[in-house]
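Visitor: I should like to request a close look at a single part of this model, chosen by you. Please take me through it in detail and then place it among its surroundings.

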Amino acid sequence: MPDLLKGHKREQLIKLYKKLLEGNVMEANMESIKSAQEKFAELIQSEFERIERMKADKEVTDFSKLDKIVIGVLPGDGIGPIIMKEALKVLNNLLAPEIASGHVEIRVIEGMTIENRAAKLQSLPDDVFEEIKKCNVIIKGPMVTPRAGEPWPNLVSANSLLRRGLELFAAVRPIRIPEKNIDWTFFRENIEGEYIWGNKGIQVNDDLAVDFKVQTKQGSERIARAAFEFARKNGKKNVTIVTKANIVKLADGNFIKAVRKVGEEYPEIEIQERLVDAMCAKMLDPEFNKGIEVVVLPNLYGDIVTDIAAEHQGGLGTASSSNIGNKYAMFEAIHGTAPYLMSHGRGEYADPSSLIRAAGMMLAHIGYADKKVLLEKALDVCTTEKKVVLTTFTEDASAKEYTDYIIETIEKLK
């Protein structure tokens, strides 16, 4: 027995051993804490820098003053290229005079397929992003975001990188269910919240992982102003804030304060609040949704609530989304790449409606609201007459046949 232990009773030896173990554990914990603190400090510093960029972001594109409007096209993965082909047919029809005169250019941008992104190990390849920034607006098909178990590198979401890189802070999604008297427009904060550090959480040790939710005054105020400006310009009298501020008291509480502060500039517009879980459960309850017209939400809640609302409208295939910033804007379908349809040889029968509706939102954004109205009328006719029916099954209409029906209807309505 070593001299250190001579003369000690068994109980004293056990106590001494425990103290040594506790000391080792405490030392290991302190090292983990120190490492986590350093990483957290780096993240906080990056947010301070981003806040300064937001403060300086004052350049707003005025499409009425542009000699040429460049529409960038990102076809996407899976069914993306199939439905994009159909959406471009609609755009070429509606914008034929503007394209012929050179005032509008439709420019297809290559390089955003999952195969190319995986080969370069970049969700948003640098050379592709430079081409994207040469455009004024983007129309985008669905893109693969790899998941565990899939045969692709674990790349982060290209959608998220595009939104952050182009400062597209407002995701705007309209939802219309006429038979339930629902005509809502959702303004989802598009950059912050749980998603901004989605791949930057801290694995403190094997027992503890920490992810974050980020809220800034500047980010909250600019999404609020976008919602209130839309409400004022479109004769809406209500803006509803959706959060979980009864539990997430700081980030969500500050979001509410920021929205209400901006709302003081719009005294004619009523402000009300809803909790996100109740909104999901009761959005079709006439008593619960009374007065709702424009809804403003933080990022994660907006992702969930708008998908549920789209399902009530008729499915994700019927819904579209615009991503708006001061300088750039991006318009997209809100569904995925439909790998099941592709693997079963039914990609050509995918519903192109979501991307076509996104094209309509883009038309309004670049100054052709009348063309958007015409397209919406045609879509309403096609969904009520149902002379051509889409089900994604091969015995019914293909994406091409349905789009031809839409264009034929547009020509009749012109």
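Guide: Two strands are said to pair if DSSP finds at least two bridges between them. The strands themselves (E, at least two residues), like the helices (H or I, at least four), are DSSP runs numbered from the N terminus. The model is a predicted one, in which local features need pLDDT of at least 70 and side-chain atom pairs count only at pLDDT 80 or more, while totals for chains, interfaces and linings use all residues. Residues are numbered from 1 along each chain as its sequence is written, and side-chain values use heavy atoms, with hydrogens and water left out.

The part chosen is strand E4 and what surrounds it. Strand E4 comprises residues 170–177, and strand E5 residues 182–189; eight bridges join them in the antiparallel sense. Within this pairing, Arg173 has Phe186 of E5 as its bridge partner. Four residues separate E4 from E5 in the resulting hairpin, and Asn181 in the turn adopts a positive phi of about 60°. E4 also pairs with strand E11 (residues 320–324), again in the antiparallel sense, over three bridges. Here Ala171 is found opposite Asn323 of E11. In a regular strand, side chains alternate between the two faces of the sheet.

As to solvent, six of the eight residues of E4 are buried, so that the strand is mostly covered. Buried denotes a relative accessible area under 20%, exposed one over 50%, and partly exposed a value in between (1.4 Å probe, protein chains only).

Following the chain onward, the loop between E5 and strand E6 (202–205) contains Glu192. This acidic residue is buried, at a relative accessible area of 2%. Leaving aside residues up to four places away in sequence, Glu192 touches Arg50, Met54, Val214, Gln215, Thr216, Gly219, Ser220 and Asn299, a contact being heavy atoms within 4.5 Å.

Helix H7 (residues 217–233) holds Lys217, which at 48% relative accessibility is partly exposed. The C-alpha atoms of Lys217 and Val259 lie 9.4 Å apart in space, although the two residues are 42 apart in sequence.

Phe228 leads to the interior. A nonpolar core is a set of buried Ala, Val, Leu, Ile, Met, Phe, Trp, Tyr and Cys residues joined through side-chain atoms within 4.5 Å. The largest such core has 71 residues, and Ile139, Phe228 and Val296 have the most contacts inside it. Phe228 itself touches Val239, Val259, Val262, Gly263, Tyr266, Ile269 and Ile271, with residues up to four places away in sequence not counted. A second, separate core of 19 residues includes Trp184, Val242, Tyr301 and Ala309.

For comparison with the strands, helix H13 may be considered. H13 (residues 369–385) has 17 residues and reaches 24 Å from its first C-alpha to its last, close to the 24 Å expected; the expected span is 1.5 Å times one less than the number of residues. Its buried residues are Lys371, Leu374, Leu375, Ala378, Leu379 and Cys382. They cover an arc of only 135° around the axis, which puts them on the same side of H13; the arc is that of the directions from the helix axis to the C-beta atoms. An α-helix has 3.6 residues a turn, so residues three or four places apart point the same way. On the other side of H13, Asp370, Lys377 and Thr384 are exposed. The buried residues of H13 pack against helices H2 (80–94), H3 (96–101), H12 (353–365) and H14 (399–413). Just after H13, Lys386 takes a positive phi of about 55°, and Thr392, in the loop between H13 and H14, has a phi near 75°.

Helix H12, one of those packing partners, is largely enclosed by the rest of the structure, because 10 of its 13 residues are buried. Among them are Leu355, Ile356, Met361 and Met362. Just after H12, Gly367 takes a positive phi of about 110°.

Lastly, the cysteines. Cys135 is buried, with a relative accessible area of 2%, and Cys382 of H13 is likewise buried, at 1% relative accessibility. The structure holds zero disulfides, a disulfide being a pair of cysteine sulfur atoms within 2.5 Å.
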